[in-house]
Amino acid sequence: MDTSFSQVAWLIPLFPFVAFLLLLAFGRGQRTLGVLLGSISSFAGLVLSILVLIEHMSDGTKYYQYSFKWLDFDGLTMNAGYEVTNLTALMLVVVTLVSFLVNVYSAGYMKGDERISVFYSYVALFSFSMLGLVLADNMLTLYIFWELVGVCSFLLVGFWFSKPEAKAAAKKAFIVTRIGDAGLLLGILLLYWYMPDHALDFVHIGNVFDGQTGIIAASVTTWIAILIFVGAVGKSGQFPLHVWLPDAMEGPTPISALIHAATMVAAGVYLVARTFDIFQASQTAMDVVAYIGGFTAIFAATIGVAQNDIKRILAYSTVSQLGYMMMALGLGSMTGGIFHLFTHAFFKALLFLGAGSVIHAVHTQNIQEMGGLSAKMKITTWTFGIGTLALSGIPPFSGFWSKDMILNTALHEKPVLFAVGVAAAFFTAFYMSRLFFLVFMGKPKGEQHAHESPASMTIPLIILAVLAAASGFIQTPWNNTLGTWLTDGAEKEHGGAGIVMVISAAVGLLGLYLGWLVFVKGTIARDAISSRAPWLVRLLERKYYMDEIYEALLVRPLRGLGYLLNAIDEYIVDGLVQLVSGTAVWFGRGGTRVQNGQIQTYGVVTVLGLIVLLVALVGRRFW
Amino acid sequence: MEAVQQQLQSLTWSDAAYLAPEWILVAFTIALAVLDLFLPRQSSRSSIGWLTLGGLAISLGFAIWRLTDVIDKVGKTDANGQPVSHVIRLMGDSYRIDVFSSLLKILFLVATMLIVLMSLGTVRKTDISDRGEFYYLLLPAVVGAMIMASSGDMITLYIGLELLSITTYVLVGIRKHAVQSAEAAFKYVVTGGISSALLLFGMSYLYGITGATNLGAIAQGIQQHASEYPALLYVSFFFILAGLGIKIAAAPFHYWAPDVYQGAPTPVTAFLAVVSKGAAFAIIFRILYNVAFFASSPDYPIADDVFLAVLVIAAAAMLIGSTMALRQVNVKRLMALSGVANAGYLLVPVGLSLKGMHASNVGEFIFYLAAYLLMTIGMLAVLSVINKSVGHDEIGGFAGLYYRAPWTAAAVVVFVLSLAGLPVTGGFFGKLFILLGAAESKLYWIIAIMVVSSVISYYFYFGIIRQMFMRATIDTEVRVPVTTGIVIWLCAVATVVLGIVPGPVLDFVNDHFSIVSDLFVRLQ
């Protein structure tokens, strides 16, 4: 093959970038241009990505990498470039597919919005950044796009800025993920320092850490892995940095589907998978990843049970499912993590878009105010139902297969996490059945004139529903296609354990059945738990008080420091001024106003600073 | 005590030719002052502004020419195969034209040109009545900064410093009818006095110990006598640090900065933040690397302590600057405190000293200074436009800017990203290079502080973005004057270019600059 599609893979991010530039230049006052440019550019990207993927599925050229010298620093060179591996090819398709469907969907969902072209320009910029992140061939380039997706996410979460919650959420999303990013940057710095020749590209990283040759000390490896993982924790909403993700639901729903369910939040999982060799070189780091992931999975799933906002339930569900992926990675199963990322992208995007369709119809997000929508919204109901079954892990839908693979790995590697995973699966099925039955079954409440959404919204739903139903078959216990393809068969296979499949399907069905008993049949009273253990419900409703804990532990002290320094400025400095001027007035001397006292205090502070420095640094030499 | 003798040569005509960039500015100052007297009272003084710009441009041309000339001689050998120094030394090494000083002069001149250009669009007669003076007084101020960059002797260094200071005192107070401006000028004069006093006191000890004012001679004297006067040397260096700490507005010597920046006319604020600060950094580099570096004796590791003090001041500046900025709503005060934090970042390469493999301190410093120059001047240029539109400097003036002036808002995004140290901007690589330098010196605590303080700083920088994108727009038209618009776009584009291809700038400095020949003053 002379030229391959992989060689022109750099075009994929360029399509949305051109769309972004065109929208920036001509988008003002245009209403349809955004839809047009956004859809066309993402479709072009999708077609090319599929071609790249097909190329990678066939034998022959499996890998393409191109880079150029970007900058010289202190005698070492840093390259920038792109790399197409099987993993990136898969991610490209996921990102462009969801992005294309969301672009189409938004044509209907955002129709009435005045700033629709601004919306499309942000989405295009996001697609560009996300695809750049996927294609990056080294840590530094990845980091740059990593920051860019963060900025886009910030802009889109705060898109409806007239709502104060949206503004606050945007700020929170940005600051919290930045904490993670700082960790990632430190990890990259450490990597830079210890890698031979300061190489930061994934190929070299793979070679250095994979060989187990001990080029880099074990403790350093652990630190690097953990710092990179901190970045992933921030981006992928893992405990304890998950607090921003549910709040980010203040953004438009298509954005929640694209950024906060299918693509950007999965970037953390992708990052860990991309630097998997580093993690595999340190058992400590792997354990940290596995336990944080497992804990997040159960933790967020329980919160999901007590929420009433349809998007927040889905958001906690996302946090929990991302926890599953991390857990899989931490247990050494990259295939499991990526497989779940793949299926989750489809069914969660489907659920969010379905939720958007519901919100579009009933103009509320509170599931207690909804009901009986199945009669009026047939397509939405059916597709949402498929999404629910897939997420709850009911065979033969896609979520079952990927979850089964993770649970199977957990059973063999760490039975504790298997138990955690099964429990989380039960809660997942329960909150999803609660959500589904409250919204679509029962008697209509609130909005009586709900009607099905336009075709631009339902067609993406149908496509995603097909994928959510069927995409799981690429990897089953009897058929290790994905695993062989992704890892060249290097990964340990655990074989099919029938017992795991039975358990996982059983807890899923049990959760759904319990939800049916409570919310449809009424055999179990809805307040069965809240009347007996109101504190428990309250704890879950308040999300284990995480926000309050952060407020008390981080925000207040930091703000307090700011206040303190300002207080020194305002009260002590000012107070001294007033003392000085007051004394001066008392002595009856004029002109205190011209001799502004503040400047004296500034002088005093300067001299005090000098003395402190002298005493602290020099004093030790003489005493 | 045996004084180190040195010969002070007088300035010859051929030497004077090397000083063309400085002479031209002096000549323009005098000519413009006279012209200002003869121009009719009503006439707009923008002609003087354009002439000032012209003078700066000619001077810049000569400075660049001199730099290429100096670079050509790097690494040349004479007929006997002996290496020839490329440094031009005037008056017994008290005035040096080397790669270090030439690069800084070019930065100062470019910055001042941008500042004059931005003033041409926004300075109003009702605000500054003596606009002629406003423009041509910038020239002696730059000359002062250039002398500081070139000096190899405490006397020239001090003369440069005072020339710069005194002219900026006048410039800060040039809005004669504004109380704020007068108050700022007063505060600046007093603080400047304290700074000079501390600096002179410290320098007098150096003279006392070595009997010399030339930095090379002092270094030699100290190498011989350091062990005899540890206490005096400590006092001397710490006083010098404090005096210059005031000039660069590093914590805890920064309290004057918010008041003065706020009261000064915006272009003067930009001048203080960039040129004045940069020039003080130039002499910090010169003094510390020339003199303090050699002051250690077996019992007293003075050099280590002084460089540690620099890092401690840097850490304090980063943390205090960014936390105090959290509650600021006035953009000028915000920029002042951001300037405090940035002084901290700029101090890091100074304080890293020369450890192990790490020798690119000056490269890191100059790159970040260039990035800082662009983002600060750009941001203040936007602010001066906004001030014209809404009449104040509060952050609320940026509300809904994206919907009123989308392109200006896009430029502000670039500046904010750069200030916050995010890609793809010059500020990102500036900080990254400094971080990498610190990583090479294995000073992890300062890396941690840099990262923490930049995380804190996101909060207030993004306050500006939130205003522009996420606030309802206010109904005032934003009109960007052509000249100010040019400044904004030059800065924004250059910031992005530095963020995409940082290599050339850094390579240029690292390839041509050598600490031994360009920073060290050594007797021959």
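How many cavities of 30 Å³ or more does the structure hold? The model, which is predicted, holds 13 of them. The interface between its two chains is described first, then the largest pocket and the second largest cavity.

The size of an interface is often given as the accessible area lost when the parts come together. Chain A and chain B bury about 6,200 Å² between them. Carbon and sulfur atoms account for 76% of that area. On one side, 60 residues of chain A take part in the contact. On the other, 73 residues of chain B do so. The rule finds zero salt bridges across this interface. It finds one residue pair in polar contact, with both residues at pLDDT 80 or more.

Several elements of chain A build the side that touches chain B. Helices H1 (11-26), H4 (116-135), H5 (139-157) and H6 (164-194) each supply at least two residues. So do strand S1 (64-73) and helices H24 (546-586) and H25 (597-622). H25(A) gives the most to this side, with 15 residues. By class, the side of chain A that touches chain B has 40 nonpolar residues. Eight polar and twelve charged residues make up the rest of that side.

Rolling a probe the size of a water molecule over the atoms shows where empty space is left. The largest pocket contains about 1,400 Å³ of space. Its lining comprises 46 residues. Closest to the pocket centre are A:Phe17, A:Leu125, A:Phe128, A:Leu148 and B:Val424. Both chains give elements to this lining. From chain A, H1, S1, strand S2 (76-84), H4 and H5 each give two or more residues. From chain B, helices H17 (406-420), H19 (444-470) and H20 (482-500) do likewise. H5(A) gives the most, with seven residues. The lining of the largest pocket divides into 41 nonpolar and five polar residues, with no charged ones.

The second largest cavity has a volume of about 160 Å³. It is lined by 16 residues. The closest to the cavity centre are A:Leu185, B:Gly421, B:Lys431, B:Leu435 and B:Ser454. Here H6 of chain A gives two or more residues to the lining, as do helix H18 (426-440) and H19 of chain B. H19(B) provides the largest share, five residues. Twelve residues of the lining of the second largest cavity are nonpolar, two are polar and two are charged.

Key. Residues are numbered from 1 along each chain as its sequence is written. Chains are lettered from A and ligands numbered from 1 in the order in which they are written. This is a predicted model: local features need pLDDT of at least 70, side-chain atom pairs count only at pLDDT 80 or more; totals for chains, interfaces and linings use all residues. Side-chain values use heavy atoms; hydrogens and water are left out. Contact means heavy atoms within 4.5 Å. Buried area is the accessible area (1.4 Å probe) that two parts lose on being put together, summed over both. A salt bridge is a side-chain nitrogen of Lys or Arg within 4 Å of a carboxyl oxygen of Asp or Glu. A polar contact is a pair of N or O atoms within 3.5 Å; within protein, one must be able to donate a hydrogen and the other to accept it, and residues adjacent in sequence count only if both atoms are side-chain atoms. Helices (H or I, at least four residues) and strands (E, at least two) are DSSP runs, numbered from the N terminus. Ala, Val, Leu, Ile, Met, Phe, Trp, Tyr, Cys and Pro count as nonpolar, Asp, Glu, Lys and Arg as charged, and the others, Gly among them, as polar. On a 1 Å grid over the protein atoms alone, a cavity is a set of points where a 1.4 Å probe fits but cannot get out, and a pocket is an open set with protein on both sides within 12 Å along at least five of seven lines; lining residues have an atom within 4 Å of a point. Grid points are joined across faces, edges and corners, and a volume is the space filled by probe spheres set on the points.
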